[in-house]
Amino acid sequence: MAGTTHAVWTRKDLVGIADLTREEIEMVLDAAPQFGAVSQRASGIKKVPLLQGRLVVLWFHEPSTRTRSSFELAAKRLSADTLAVASSTSSSVKGETLHDTLANIEAMRADITVIRHSCAGAPHLLAGSHRSHIINAGDGRHEHPTQALLDCYTMRESVRRRTGNPDATLDGVKVAIVGDVEHSRVARSDIHALLKLGAKVTVCGPSTLVPRELERYGVGVTHRLKEALEDADVVYSLRIQLERQAKALFPSLREYIKLFRIDAESLRHAPDHAIVMHPGPINRDLELSTEVADGPRSVILQQVTNGVAVRMAVMHLLANSGGAAR
Amino acid sequence: MSLVIANGHVVDPASGLSETMDVLVADGRVREMGKSLRGDETLDARGLVVCPGLVDIQVHFREPGFESKETIATGSRAAARGGVTTVVTMANTNPPIDNAGLVELVTRRARETACIKVRPAACATKGMKGEELTEMAELKEAGAVAVTDDGRDIRSSAVMRRVLEYAGMVGLPYLAHCQDEDLSDGGTMHEGRHSMLMGVCGIPREAEEIRIDRNIRLAELAGAHIHIQHISTAGGVQIVRDAKRRGARVTAESAPHYWSLTAAAAMGFNTHAKMYPPLREEEDIAAIIAGFQDGTLDNIATDHAPHTRSEKDVEFQLAPFGIIGLETMLALTVTHLVRPGHITLEKAVALMTTGGAQVCSLEAGSLRVDGPADITVFDPEEQWTVTPADFGSKSANSPYLGTTLAGRVKHVFCDGRPVHTDKR
């Protein structure tokens, strides 16, 4: 996809992967390495002045450590000021509306607002009618676009390293996503991004946690882990949210482990070159065994490192070449 | 003072009339119908349809309790704009209409403030809690024309059975909102590919169909008349069709949004496409149309459900269910059912007049000499684009804003009084 490097970023907000074109996704992936390099400077000065004097507000309605830290660090490495707005009333019906809270945030001259919310569509509600650049850091079970971008970046890096081709793309790369797909915003965003980038996606998990409608979009659906892993280049393990079991969506952790855990034994079905990914935080030895999580195939910590670079790229594109903030 | 509505295409489903003629109105009544009539004033209705004032048996006027959304006065204005001269108001107000005093309050407020005829439905259970029966005989005496826990289904089958038995004795129809809340489980839109893409909890068709079937079967057991509200699914239509074939006393309706929009309208988290039951898919629309064609569905009702702008301008999951519908019912019927040739104009008028009137035994929905001069005059051809200025409602929560429709209400009379004249 050489030649797309001349494309220009025009979006004001990043609310989902579903709206993006392949070119836009690649624009972010192509911009990320230079920001990755900032974090690894030999001088130890891990900062560039691209967002100097700007205000990035981190507005998290749901608890989050990793995503929030990653955004905060990305903003700081771009020299922006950051302000964390905690909100405990995530889905209270009464109280201040999202519009009002954001209007208040913007009255403090926020340039970028990073929002996480338990309700699907919350960033979309805001994006149309507010001045600052909105970045969706996860909305309900809908989307988590920066996670998908950092995942695709990590997969592409791995393919490029393995093939020795510095221009390799994700075309034809086979990705198996395993676990609770139904309730996963990571899975939704990853599927959108991977399909746009030409990868082949298979999802696998208990029938109560995998939406059948995915087949309509050309995603393979299976409930047999062996089948999902057989030709996978990437094995992507999703986090099992323990409250799902409380709702009786699957019978027991024991049976889940038996049927769906990624461990040394189940990974025998995957090709030797297959890498293992996870969005974190891991339930060790539940969806993913410790030996695999810490083993040579795991790129889980690279995902975290890349997350900062990709989020720097996103903030830079939105604030410096994106549709002007109003 | 008398008025001649001259040379209109007069459609009266009750008598089977459909021809060009004049209608003479005086003292609030229809005095004569025929050719070359004379009166003090003349309204030229050439090219227009003249029909009985429309009847909508499912509206939410929110009074008492939610007057910021709608009142009986503003709701009746919305009705008049839509050519509707008789409505049945739902009882899920605050407090809910579950005793005779509250029925009298609604009828009194209607008398004082409404420009059209407002007939209240009352709750079937006290406080709409689905537990104890209301005093239905007294409710009827006070003016209730139906009982319903609309907005909720009655969870206990035993309570539902008793409600139907008692309502049957009293002679009131039960208007059934069919929803298995255990199965819909917090869902806020149709379960299918759109809910999957949006990451929104879905409501499967079965949540509605299971209860349509249960409620009809209990009505059969009780020997009572049950009316199924706002059917949205193909399976729901089929369940009613089968029940009618075996002789159940069941009638059923659907609302304009269920044949003019699909779940796709919710994409982008459009809260104006959030209602219960949810918008479904193309195959459901086809089945609803077939239901109108073969008489499975008896009437059109809007489920006019006003909500303020700030209530709807929130996270999809938190927004209230429902849209307004009175002002757009006729145009959506003409545009999506009549113009494509699915049903005749006469049938459409019947679905919006006699159909609902019969369900609730209302003296409304027909044009006859000496009958009340409730008359709607509309242009079946005129195209218009929906704007907030077209709404009489206090609220504007409509998914049709900006949509161009055919069929425009021009003049509306209630007991001979002009209650709406199109200013366009």
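What percentage of the contacts in chain B between residues at least 6 apart in sequence join residues at least 24 apart? Keep that in mind for the exercises below, and remember that this is a predicted model.

**Exercise 1. Size up chain B, starting with its contacts.**

Solution.
- Step 1: Take the contacts in chain B between residues at least 6 apart in sequence; 76% of them join residues at least 24 apart.
- Step 2: Go through the secondary structure, and you get 14 helices and 18 strands in chain B.
- Step 3: Check the overall form. A compact globule of 424 residues would have a radius of gyration near 22 Å, and chain B agrees with that because its value is 20 Å. The C-alpha trace of chain B spans about 60 × 45 × 45 Å along its principal axes.
- Step 4: Look at burial: 61% of the 424 residues in chain B are buried.

**Exercise 2. Work out how strand β6 of chain B (residues 54-59) sits in the structure.**

Solution.
- Step 1: Count the buried residues. That gives 6 of the 6 in β6 of chain B, so the strand is largely enclosed by the rest of the structure.
- Step 2: Find a partner. Strand β7 of chain B (residues 84-89) is joined to β6(B) by 4 bridges, and the two run parallel.
- Step 3: Pick out a facing pair: B:V55 has B:T86 of β7(B) opposite.

**Exercise 3. Describe the contact between the two chains.**

Solution.
- Step 1: Count each side: chain A puts in 20 residues and chain B 16 residues.
- Step 2: Ask which element gives the largest share on the chain B side. Helix α6 of chain B (residues 193-198) does, with 4 residues.
- Step 3: Sort the chain B side by residue type, which yields 8 nonpolar, 5 polar and 3 charged.

**Exercise 4. Do the same sizing for chain A, and say how confident the prediction is.**

Solution.
- Step 1: Chain A comes to 12 helices and 9 strands. Its radius of gyration is 19 Å, close to the 20 Å from the globule rule for 326 residues, so chain A is as compact as a globular protein of that length.
- Step 2: Along the principal axes, the C-alpha atoms of chain A fill a box of roughly 55 × 50 × 40 Å. Buried residues account for 49% of the 326 in chain A.
- Step 3: Turn to confidence. The average pLDDT of chain A is 93, with 94% of the residues scoring at least 70. Watch residues 1-5 of chain A, though: pLDDT stays under 50 there, and the model has 6 contacts for them beyond four places in sequence.

**Exercise 5. Split chain A into domains and see how they meet.**

Solution.
- Step 1: The domain assignment gives domain 1 (4-142 + 305-321) and domain 2 (145-299) of chain A. Their C-alpha centres lie 25 Å apart.
- Step 2: The contact takes 23 residues from domain 1 of chain A and 20 residues from domain 2 of chain A.
- Step 3: On the domain 1 side, α1 (22-39), β4 (133-139) and α12 (300-321) of chain A are the elements giving two or more residues. That side divides into 11 nonpolar, 7 polar and 5 charged residues.

**Exercise 6. Is A:A270 buried or exposed, and which residues does A:A270 touch?**

Solution.
- Step 1: Locate A:A270 in the loop between α10 (264-267) and β9 (275-277) of chain A.
- Step 2: Count C-beta neighbours inside 10 Å. There are 24, so A:A270 counts as buried; the cut-off is 20 or more.
- Step 3: Leave aside neighbours within four places in sequence, and A:A270 is in contact with A:L229, A:A232 and A:V235. For A:A232, 38 residues away along the chain, the C-alpha separation from A:A270 is 6.0 Å.

Methods. Residues numbered from 1 in each chain as written. Chains lettered and ligands numbered in written order. Predicted model: local features only at pLDDT ≥ 70, side-chain atom pairs only at ≥ 80, totals over all residues. Rg over C-alpha atoms; globule rule 2.2 N^0.38 Å. Buried ≥ 20, exposed ≤ 12 C-beta atoms within 10 Å, placed from the backbone. Contact = placed C-beta atoms within 7 Å. Nonpolar A, V, L, I, M, F, W, Y, C, P; charged D, E, K, R; others polar. Domains from an automatic or database assignment. pLDDT = per-residue confidence, 0-100. Pairing = 2+ DSSP bridges.
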